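Work through the exercises below with the coordinates open. Try each task before reading its solution.

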Amino acid sequence: MLGKVKWKAWALPLILGVGLWLSTPLKPVAISVAAWHLFALFVATIVACITKPLPMMATTLIAITIATVTRLVTMEEVAAGFGNSTAWMVVMCMFMATGFIKSGLGKRIAYLFVRLFGKKTLGLAYALSLVETVLAIGIPSNNARVNGIMYPIIDNLSHEMGSSPEDGTQDKIGSFLVFNEYEVNIITSTMFLTGLAGNMVALGLAKTQGISISWMQWFIAAIVPGILSLLIVPLVLYKIYPPKIKETPNSKEWADKKLTEIGKMTAAEKIMIVVFILSIALWLIGSKIDIDATEVSFIAVALLLITGVIDTKDLLKDSFAWNILTWLSIIMLMSKKLMILGFFPWFSKALGSLLGGMNWIWVLVVLFIAYFYLHYLFPSVSTQISALYAGFLSIALGAGVPKIMAALMLAFCGSIYLSTSSYSAGPAAMLSSTGYVSNKDWWKLSAIIGAILIVIWLGIGLIWTKVIGFW
């Protein structure tokens with residue numbers, strides 16, 4: 001039986017790709033014919049990743065095959081491309097996330113925080129926000145954090161408080177907690193390089209343009225806007241989307257009950273804690289002892305395998321990890337080759353000259369806001385990053401934006417732009433369909449919080465990065 005192919009979805013990528021290929025300048029002055037042809041193929045590939053005639057893994061494999069047949073890249077380059085350290089870091093962090101969920105440590109942490117801080121509804125929201133923050137350090141999948149750990153706990157707790165979509169009482173407390181989780185998930189995804197796979201995709205693309213940013217540099221730049229966001233967003237939501245239940249005195253009893261049900265901490269949980277703390281320590285000091293972030297993730301996964309917290313079956317069945325390894329390696333290979341062939345330097349110089357009269361800060365502001373609101377057109381984090389990040393970064397560099405600022409601020413935007421629509425990413429699609437938050441409220445609240453996040457991460461973020469000497 002033949003697999004399902006959406007033939008109409010091939011139309012736009014083919015039109016753009018063939019059109020660009022055939023429009024190659026006869027006498028190119030600044031770039032070579034090979035660079036232009038690879039650009040045409042790159043554009044067609046990215047558009048195909050958006051229209052999705054096939055999954056991204058299949059699309060990119062077809063694209064790289066065309067690139068080798070047309071001699072735009074060699075098979076040696078393709079083979080080397082699958083050794084990309086950024087792609088492998090994403091994969092290893094996904095395996096670490098499996099350890100959190102399989103061991104049960106994630107749920108235990110959540111119950112403990114609810115028991116300690118959950119006497120009032122706002123305090124409960126902040127407690128769940130702290131859980132999200134802890135988990136985001138080592139779980140780069142926002143889907144895994146929401147679907148695997150946070151939502152089941154919030155849903156269970158809401159029902160315990162008499163708040164359920166089934167009987168129309170979701171606004172008692174469930175609606176507030178569910179939407180707060182969504183927005184906090186966005187914030188924690190932005191705070192840590194390892195908080196979202198898209199962050200590592202962005203910095204991998206930045207590396208192809210000669211910009212390297214460490215886990216620690218990301219953390220230092222994100223810590224102030226991140227903490228401010230975690231303090232402000234739950235409070236704003238409490239004011240504009242208030243729960244009817246203001247106090248939750250029985251949340252402690254509920255958490256105690258859940259902790260009793262799961263019993264004493266298992267050996268797997270204890271090992272997971274040790275590996276998690278070790279990973280954080282190495283990410284923080286790795287650059288000083290010559291251990292990069294990818295190596296840290298390999299060490300962590302190796303320890304989890306040796307101790308039996310996860311096994312090879314867990315690794316093999318994580319299709320998302322292997323899928324992202326394939327398409328990300330290919331996209332980054334094509335991006336790197338475009339850099340080698342001189343396309344991105346030419347592109348940034350050509351478009352940057354059009355903005356030559358503007359101060360680089362205003363250029364960055366315009367690019368950041370445009371990048372944010374363009375996410376209304378994309379149903380995927382990684383798709384937009386793959387489609388637009390390299391181009392936006394080139395424009396920023398051509399206009400004189402300092403390298404580290406251009407790469408970091410656009411990468412930050414690639415997380416906070418999730419506060420846009422009910423289809424912005426997997427967590428939005430899932431949470432918006434639970435019945436706790438109406439579609440109208442989802443769009444309205446996302447727009448309000450999205451604007452607040454722009455002010456914090458772009459406005460306060462620029463001031464903070466100036467203070468720490470990033471520009």
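The model is predicted.

**Exercise 1. Classify Lys52 by accessibility, then place Lys52 and describe its backbone.**

Step 1. The relative accessibility of Lys52 is 35%. Buried needs under 20% and exposed needs over 50%. Lys52 therefore counts as partly exposed.

Step 2. Lys52 sits in the loop between helix 2 (33–51) and helix 3 (56–69).

Step 3. Its phi is near 55 degrees, a positive value in a residue other than glycine. Most residues other than glycine have a negative phi.

**Exercise 2. Find the loop that holds Asp290, and decide: is Asp290 buried or exposed?**

Step 1. Asp290 lies in the loop between helix 13 (267–285) and helix 14 (293–307).

Step 2. The phi of Asp290 is near 60 degrees. That is a positive value, and Asp290 is not a glycine.

Step 3. The relative accessible area of Asp290 is 68%. The cut-off for exposed is over 50%, so Asp290 is exposed.

**Exercise 3. Describe how helix 9 packs with helix 20.**

Step 1. Two packed helices are described by the angle between their axes and the distance between the axes.

Step 2. Helix 9 spans residues 174–191 and helix 20 spans residues 403–416. They pack at an angle of about 155 degrees, with axes 8 Å apart.

Step 3. Angles over 145 degrees count as roughly antiparallel. Helix 9 and helix 20 are therefore roughly antiparallel to each other.

Step 4. Helix 9 passes helix 20 in a right-handed crossing.

**Exercise 4. Do the analysis for helix 10 and helix 19.**

Step 1. Helix 10 covers residues 197–208, and helix 19 covers residues 381–398. The packing angle is about 30 degrees, and the axes are 10 Å apart.

Step 2. The cut-off for roughly parallel is under 35 degrees, so helix 10 is roughly parallel to helix 19.

Step 3. The crossing of helix 10 past helix 19 is right-handed.

**Exercise 5. Which residues form a nonpolar surface patch with Leu22, and where is Leu22?**

Step 1. Leu14 and Val18 form the patch with Leu22. Together the three have about 310 Å² of accessible area.

Step 2. Leu22 belongs to helix 1 (residues 11–22).

Step 3. With a relative accessible area of 69%, Leu22 is exposed.

**Exercise 6. Locate Leu364, classify it, and relate it to Ile395.**

Step 1. Leu364 is in helix 18 (residues 360–373).

Step 2. Its relative accessibility is 0%, so Leu364 counts as buried.

Step 3. Leu364 and Ile395 are 31 residues apart in sequence. Their C-alpha atoms are 9.4 Å apart in space.

Terms used:
Residues numbered from 1 in each chain as written. Predicted model: local features only at pLDDT ≥ 70, side-chain atom pairs only at ≥ 80, totals over all residues. Heavy atoms only, no water. Patch = residues over 30% accessible without salt bridge, like charges linked within 9 Å, V, L, I, M, F, W, Y side chains within 5 Å. Areas by Shrake-Rupley, 256 points an atom, 1.4 Å probe, with all protein chains shown as cover. Salt bridge = Lys/Arg side-chain N within 4 Å of Asp/Glu carboxyl O. Helix = DSSP H or I, 4+ residues; strand = E, 2+ residues; numbered from the N terminus. Buried < 20%, exposed > 50% of the residue type's maximum accessible area, 1.4 Å probe, protein only. Axes fitted to C-alpha atoms, helices over the stretch in contact; angles between N-to-C directions. Parallel < 35°, antiparallel > 145°, perpendicular 65-115°, else oblique. Left-handed = near helix turned anticlockwise from the far one by under 90°.
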